[in-house]
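Me: Please pick one part of this model and take a close look at it. I would like a single connected account of that part and its surroundings.

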Amino acid sequence: MDSQRCRNAAIGHHAASERRLVSLDRSSSQMYGIGKFALALGICVAAISEPAMAHHSFAMFDQNKLSELKNVTVVQYTWANPHVFVIVRNDTTTYMLECGSISNMGGLGWKFNTLKGGDKIDVVFFPLRNGDPGGALKAATLSDGQKLTAW
């Protein structure tokens with residue numbers, strides 16, 4: 001009888017070990033599935049974010065050159081993401097000037113009501129490479145003399 005109990009105990013122990021091994025195999029396959037899901041999710045995020053990063057290229061602006069316009073009139077000031085825009089006009093030409101995001105601009109002292117149509121300002125900007133009137137606003141001097149940077 002004792003030998004039978006020992007044999008049954010050994011068989012029971014062996015069966016429990018097998019159950020644990022099966023459980024570990026199932027657990028590791030679940031972890032493998034989670035890893036594959038995480039990898040696929042990472043690839044999707046990278047693919048989606050690439051166009052957003054490409055959008056923020058400054059290649060269209062000549063960053064080796066600065067243009068300055070004095071006493072131009074603000075036509076429009078757009079406080080929105082992904083970029084704030086300032087449109088100004090001198091006597092003959094309208095310039096569209098791209099700025100940073102509202103969070104970047106806010107950190108530099110700009111507010112949604114910093115400018116309004118009809119304000120007179122001076123601007124310094126990196127011009128467009130293609131020669132069109134516009135560029136990336138570097139700084140503005142408001143009519144009260146306050147100077148604000150935009151990048």
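Reply: A residue is called buried under 20% relative accessible area, exposed over 50%, and partly exposed in between, with a 1.4 Å probe and protein chains only. The model is predicted: local features need pLDDT of at least 70 and side-chain atom pairs count only at pLDDT 80 or more, while totals for chains, interfaces and linings use all residues. Numbering starts from 1 along each chain as its sequence is written, and side-chain values use heavy atoms, with hydrogens and water left out.

The part chosen here is strand 1, together with what it pairs with and packs on.

Some context comes first. The average pLDDT (the predictor's confidence in each residue, from 0 to 100) is 80 for the protein, and 63% of the residues score at least 70. Residues 44-54 have a pLDDT below 50, and in the model this stretch makes zero contacts (heavy atoms within 4.5 Å) beyond near neighbours in sequence. The protein has two helices and six strands, where helices (H or I, at least four residues) and strands (E, at least two) are DSSP runs numbered from the N terminus. Along the sequence their pattern is α-β-β-β-α-β-β-β. Of the 151 residues, 25% are buried. Among contacts with a separation of 6 or more, 55% link residues 24 or more positions apart.

Strand 1 pairs with strand 2 and with strand 4; two strands pair if DSSP finds at least two bridges between them. Strand 1 and strand 2 are antiparallel and share five bridges, and in this pairing Thr73 faces Arg89 of strand 2. The connection between strand 1 and strand 2 is a hairpin of six residues. Strand 1 and strand 4 are likewise antiparallel, with five bridges between them; there Leu69 lies opposite Val123 of strand 4.

Within strand 1 sits Asn71, a residue other than glycine whose phi is positive, near 55 degrees. Another feature of this region is the salt bridge (a side-chain nitrogen of Lys or Arg within 4 Å of a carboxyl oxygen of Asp or Glu) between Lys70 and Glu68, at 3.2 Å from N to O. Side chains of opposite charge can pair when their charged atoms come close. Lys70 itself is exposed, at 57% relative accessible area. The structure holds two salt bridges. Asp119 and Lys116 also form a salt bridge, at 3.1 Å from N to O. In that pair Asp119 is buried, with a relative accessible area of 17%, whereas Lys116 is exposed at 54%.

Strand 1 also takes part in the largest nonpolar core (buried Ala, Val, Leu, Ile, Met, Phe, Trp, Tyr and Cys residues joined through side-chain atoms within 4.5 Å). This core has 21 residues, and Val86, Val88, Trp110, Leu115, Ile121, Val123 and Leu137 have the most contacts inside it. At least two of its residues come from each of strand 1 (67-78), strand 2 (85-89), strand 3 (94-98), strand 4 (120-127) and strand 5 (134-141). The greatest contribution, four residues, is from strand 1. Ile121 shows how these pieces meet: leaving aside neighbours within four places in sequence, its contacts include Leu69, Lys70, Asn71, Val72 and Val74, as well as Val86, Val88 and Leu115. Thr141 and Leu142 are also among the contacts of Ile121.

Past the end of strand 1, the loop leading to strand 2 contains Pro82. The peptide bond from Asn81 to Pro82 is cis, with omega near 10 degrees. Pro82 is touched by Gly100, which lies in the loop between strand 3 and helix 2 (102-107). Gly100 is buried, at 0% relative accessible area. Not counting residues up to four places away in sequence, Gly100 also touches His83, Val84, Met105, Ala150 and Trp151. The C-alpha atoms of Gly100 and Ala150 are 6.4 Å apart, although 50 residues separate them in sequence.

Met105, in helix 2, is buried as well, with a relative accessible area of 0%. Outside four places in sequence, Met105 is in contact with Trp79, Val84, Cys99, Gly100, Trp110 and Ala150. From Met105 to Trp79 the C-alpha distance is 9.3 Å, across 26 residues of sequence.
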